[in-house]
Amino acid sequence: MDGCEEAAPVSETGALDEPEAKERRVMALSQVEAGRRVRVAAVHAGRGLYARLAAMGMAPGAEVEVIHNSAWGPFIVLVRGSRIMLGRGMTDRIEVE
Amino acid sequence: MTTIAQPVSARAKTITVALAGNPNSGKTTVFNRLTGARQQVGNYPGVTVERKEGVRRYGAWEIRFVDLPGTYSLTAYSTEEVVARDFVLTAKPDVVVDVVDASNLERNLYLATQLMELRAPLVLALNMSDVAQARGYEVDMPRLSALLGVPIVPTVAHKGGGMDQLLEAIVGVASGELPCDPAPLSYGAEIDEQIDALEAKLRETEATPAGRDPRWTALKLIENDDLVREKVHAEEVLQAADHAIKRLERVLGDSSEIIIADRRYGFISGACQEAVRSTVETRHLLSDRVDAVLAHRILGLPIFLALMYLVFQLTFTLGGPPMEWIEAGFSWAGSQIATMWPKAADSALRSLLVDGIIGGVGGVIVFLPNIMLLFLAIAVLEDSGYMARAAFVMDHIMHRFRLHGKSFIPMIIGFGCSVPAIMATRTLETERDRLTTMLVAPLMSCGARLPIYALIIPAFFPRAWQAPMLWLIYMIGIVLALALARLLRSSLLKGESTPFVMELPPYRMPTAQGTLLHMWGRSWMYLKKAGTIILAISILLWVLTTYPKKQAFDVDYAGLEASATEQYLSAMRELGASIGLSEASPLLVRMAEADAAFAEAEATYFPHEPGYAEAEAAREAAMAALTTEPGGDRLAAFLDVRDAVREARDAFARAVEEQGLEEGSSGYAAMELVLRTSLGEIQRRDPEVYAAVVRYLDEVQAAYEATRYELAQQAASEAIQYSVAGRIGRAMEPALHPMGFDWRIGTALVGAVAAKEVFVAQLGIVYAVGEAEERSDALRAKLREAYTPLVAFCIMLFTLISAPCMATFAITRSESNSWGWASLQWFGLTGLAWVITVAVYQVGRLVGLGA
């Protein structure tokens with residue numbers, strides 16, 4: 001279950017401005033395996049939902065660690081210090097890099 | 001806990017404090033710590049958002065705390081956020097305390113930045129600072145406080161830590177002794193420039209809405225906030241705002257709203273970089289593994305269902321005995337009050353008190369054990385953090401019906417009773433979900449409807465069909481509830497069906513104070529709000545079923561009773577002859593007359609009234625005189641045998657009852673043998689008298705009493721027909737006819753509005769079989785004569801779907817905060833019930849089921 005290639009851990013909570021040098025491949029959040037860290041690139045949602053996600057910390061630029069991602073289990077990410085559970089449909093609409 | 005040194009002066013200064021914060025930040029715990037049990041639960045005006053208020057004395061201050069709904073931000077997109085924002089803007093609290101989860105600082109400060117934008121007098125309570133420290137966060141409070149420009153107090157609410165310091169800071173900010181000057185946020189040169197320009201324009205045109213800050217208004221206009229736009233009545237300002245938004249989008253390449261959110265986070269991470277040192281690596285906690293199971297769509301389901309079963313059992317099984325005590329208490333109180341008037345007096349006040357008010361209030365309070373236990377269970381589920389996981393598990397099923405995963409809980413509770421079910425919708429986060437769930441909850445067939453099915457199903461359907469029939473009725477309710485929810489969500493309560501996004505709170509041990517306050521707050525609100533409405537409706541229903549009173553009956557019941565008495569006496573004469581009493585001294589007849597005179601007195605007086613004792617003495621005297629007359633020995637023998645037979649029979653009945661013997665069991669047979677032996681012994685002593693006594697007990701007297709009972713019931717039936725309820729039943733006939741119902745069912749349906757189970761009792765009255773419960777076999781027989789199984793099914797269908805009971809109506813009114821939604825539910829469901837029942841009846845008749 002553990003991600004085979006762990007991204008470099010970021011030690012500072014506020015380290016948002018450092019660009020991830022490793023990879024810049026853009027994909028849907030739903031494709032990210034558990035244990036990997038990614039950065040939110042874009043959120044495709046209506047204004048209300050966008051605002052809600054942003055308020056919960058899921059705004060572009062945010063660091064996200066996927067904690068669970070399996071077909072029948074929950075999709076849980078760690079973002080800005082709190083665990084957030086997302087519906088499947090939602091995870092397809094969040095682009096990460 | 002604090003001890004306040006100086007006494008509170010008579011003119012204590014009152015300050016209002018609003019408590020803001022993210023969900024799961026410990027805001028409610030802080031609120032409970034600050035206010036203790038002095039809380040009031042209610043609603044914000046016009047919406048279904050819960051409002052909690054509490055008062056705390058601190059030194060010379062009286063502090064009124066208002067608990068704002070837990071929110072992540074202050075946009076115009078959700079009712080909760082609008083409520084919180086409006087409260088800060090319009091009620092202008094003296095201090096706003098933002099409870100911030102210190103272990104999750106960045107995300108929590110997002111709300112703080114928006115409160116800073118509002119220029120609210122802000123105090124940050126850095127809650128759970130112990131957890132944050134344990135996790136390796138070190139917050140430089142003075143530094144952070146200086147960066148944000150607001151006082152910061154570390155608190156550990158669940159242990160009560162930091163509360164005095166928080167109160168001190170509140171009082172300090174309110175009195176102006178503690179400086180609070182929220183730092184202005186910068187959103188980057190381009191946006192700042194536009195805000196400046198728009199602010200200037202707002203000042204120049206004086207278009208800033210009353211009480212609003214012009215800079216905040218300008219910011220919100222650039223964020224394209226619909227609610228603020230509505231309030232700005234200057235076309236040129238709005239045009240300028242549109243222009244600025246377009247320009248910014250062109251320059252920055254994204255919508256201004258997105259950029260502003262981004263800049264807020266930028267400000268926060270800047271502040272955190274300076275003031276927070278973190279040695280944290282993201283850790284995989286044990287709770288992550290637990291979540292993998294509890295929130296698993298398959299593995300999580302049985303766990304959830306088992307817990308729901310427990311909640312249901314707790315609520316209704318454990319709640320059963322106290323409910324019975326309450327019912328017993330009220331019926332005792334009713335009988336006590338009833339005896340305050342002479343029995344014969346036709347007192348309207350007594351009837352109002354006993355049948356209307358005591359019955360009505362009892363009907364309210366009887367739900368209290370249910371509600372307390374349910375909210376105890378819900379508080380534990382919520383506070384422990386489990387509810388969020390359960391919501392996820394149910395979400396993919398409920399989502400198909402456009403309901404939230406959490407809607408499942410009120411719907412399950414609805415099988416017990418709609419009242420707590422509707423109250424349980426408070427756990428839902430959005431108003432749309434809450435209203436939808438509330439409106440369809442009565443379709444879950446509640447416990448009070450069971451007596452109706454229990455009366456009808458055995459009367460009309462063969463044994464093999466009975467269980468499937470009951471199942472079918474329940475299923476119809478569930479299917480309709482889900483279908484209706486979907487319909488509502490795509491019509492009246494249309495809106496973006498929110499994809500599932502939810503914060504996972506960490507697992508926590510619920511605190512006793514928190515759960516108990518939660519439980520008590522809900523129960524008290526129920527009593528206060530529902531109580532008043534239910535009381536009013538029960539009085540109304542009492543009037544409907546009591547008035548107008550029938551003065552002259554169509555049938556001469558007195559005459560019929562007199563002729564029944566005559567028949568009885570002549571039968572007694574015959575019996576007397578059979579034991580050798582002569583025509584000249586008909587002692588048995590005279591005994592019967594004495595008995596009848598006493599029965600009359602019994603109907604007129606309560607045992608404590610003087611008339612009762614007089615009548616009793618008169619009978620004694622008459623009987624004593626009779627035994628001294630010629631033939632008195634035969635009468636004495638008759639009385640001896642009568643008492644002996646009665647005693648033997650009573651002993652048998654008592655034994656069967658006490659030992660719970662069932663007919664056909666060996667114990668029952670043994671008791672029967674004992675009875676037969678003792679009766680045989682009595683018979684041997686004087687076979688002639690014994691035969692007369694058995695005839696007296698089983699035929700003559702029994703027939704007389706049955707006739708009198710039936711006449712009384714017929715009179716009651718005629719009275720109810722004459723009452724408004726009866727007339728409504730008649731008036732409804734044109735509407736009832738297409739469903740196969742007659743006016744009798746209509747009258748019973750009027751009663752069902754008080755409480756569904758009243759339908760059975762009411763039907764008993766209109767069918768003149770008396771209070772139906774004990775004699776339901778008699779009622780079943782009458783129903784079988786009058787209706788076909790198709791009509792019987794339609795009765796169940798209609799009572800399932802139609803008009804929720806008055807308690808449900810009252811609670812929907814108070815929970816939705818609107819007569820409109822409550823009326824929509826009431827009339828909507830009744831209309832739906834009519835359409836469906838008519839369709840079923842008519843189609844059923846067409847295919848030949850009506851025979």
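**Close-up views of chains A and B**

**View 1. A strand pair across the two chains.** I84(A) stands opposite E503(B), a residue of β10(B). This register belongs to the predicted model, in which four bridges join strand β5 (residues 82–86) of chain A to β10(B). The two strands run antiparallel. Strands of a sheet pair through backbone hydrogen bonds, in either the parallel or the antiparallel sense.

**View 2. The sheet shared by chain A and chain B.** Seven strands form an open sheet, in the order β1(A)-β6(A)-β2(A)-β3(A)-β4(A)-β5(A)-β10(B). The pairing in this sheet is antiparallel. The edges are occupied by β1 (27–28) of chain A and β10 of chain B; each has a single partner strand, so one side of each is left without a neighbour in the sheet. At the chain A edge, two bridges link β1(A) to strand β6 (residues 94–96) of chain A in the antiparallel sense. Within this pair, M27(A) stands opposite V96(A) of β6(A).

**View 3. The fold of chain A.** Chain A contains two helices and six strands, which follow one another along the sequence as β-β-α-β-β-β-α-β. Of the 97 residues in chain A, 57% are buried. Among contacts in chain A between residues at least 6 apart in sequence, those joining residues at least 24 apart account for 57%.

**View 4. Extent of the interface between chain B and chain A.** The size of an interface is often given as the accessible area lost when the parts come together. Here the area buried between chain B and chain A is about 3800 Å², with 57% of it contributed by carbon and sulfur atoms. On the chain B side, R297(B), V501(B) and L504(B) lose the most area to chain A, and together they supply 15% of what that side buries. The contact involves 46 residues from chain B and 41 residues from chain A.

**View 5. Polar and charged contacts, and the chain B surface that provides them.** Three salt bridges are counted between chain B and chain A. One of them joins D288(B) to R83(A), with the closest N and O atoms 2.7 Å apart. Across the interface, 13 residue pairs are in polar contact, both residues being at pLDDT 80 or more. The elements of chain B that give two or more residues to the side touching chain A are α3 (105–117), α11 (256–275), α12 (286–294), α17 (386–398) and β10 (501–504). Of these, α11(B) gives the most, with seven residues. By class, this side of chain B has 19 nonpolar, eleven polar and 16 charged residues.

**View 6. Backbone features in three loops of chain B.** Most residues other than glycine have a negative phi, and most peptide bonds are trans. A cis peptide bond joins Y547(B) and P548(B), with omega about -10 degrees. P548(B) lies in the loop between α23 (512–546) and α24 (557–578) of chain B. R119(B), although not a glycine, has a positive phi of about 60 degrees; its place is in the loop between α3 and β6 (122–127) of chain B. The relative accessibility of R119(B) is 40%, and this residue therefore counts as partly exposed. E206(B), also a residue other than glycine, has a positive phi near 55 degrees. E206(B) is found in the loop between α7 (189–205) and α8 (214–222) of chain B. With a relative accessibility of 70%, E206(B) counts as exposed.

Terms used
Residues numbered from 1 in each chain as written. Chains lettered and ligands numbered in written order. Predicted model: local features only at pLDDT ≥ 70, side-chain atom pairs only at ≥ 80, totals over all residues. Heavy atoms only, no water. Contact = heavy atoms within 4.5 Å. Buried area = accessible area lost by both parts, 1.4 Å probe. Salt bridge = Lys/Arg side-chain N within 4 Å of Asp/Glu carboxyl O. Polar contact = N/O pair within 3.5 Å; in protein donor to acceptor, adjacent residues only side chain to side chain. Nonpolar A, V, L, I, M, F, W, Y, C, P; charged D, E, K, R; others polar. Pairing = 2+ DSSP bridges. Buried < 20%, exposed > 50% of the residue type's maximum accessible area, 1.4 Å probe, protein only.
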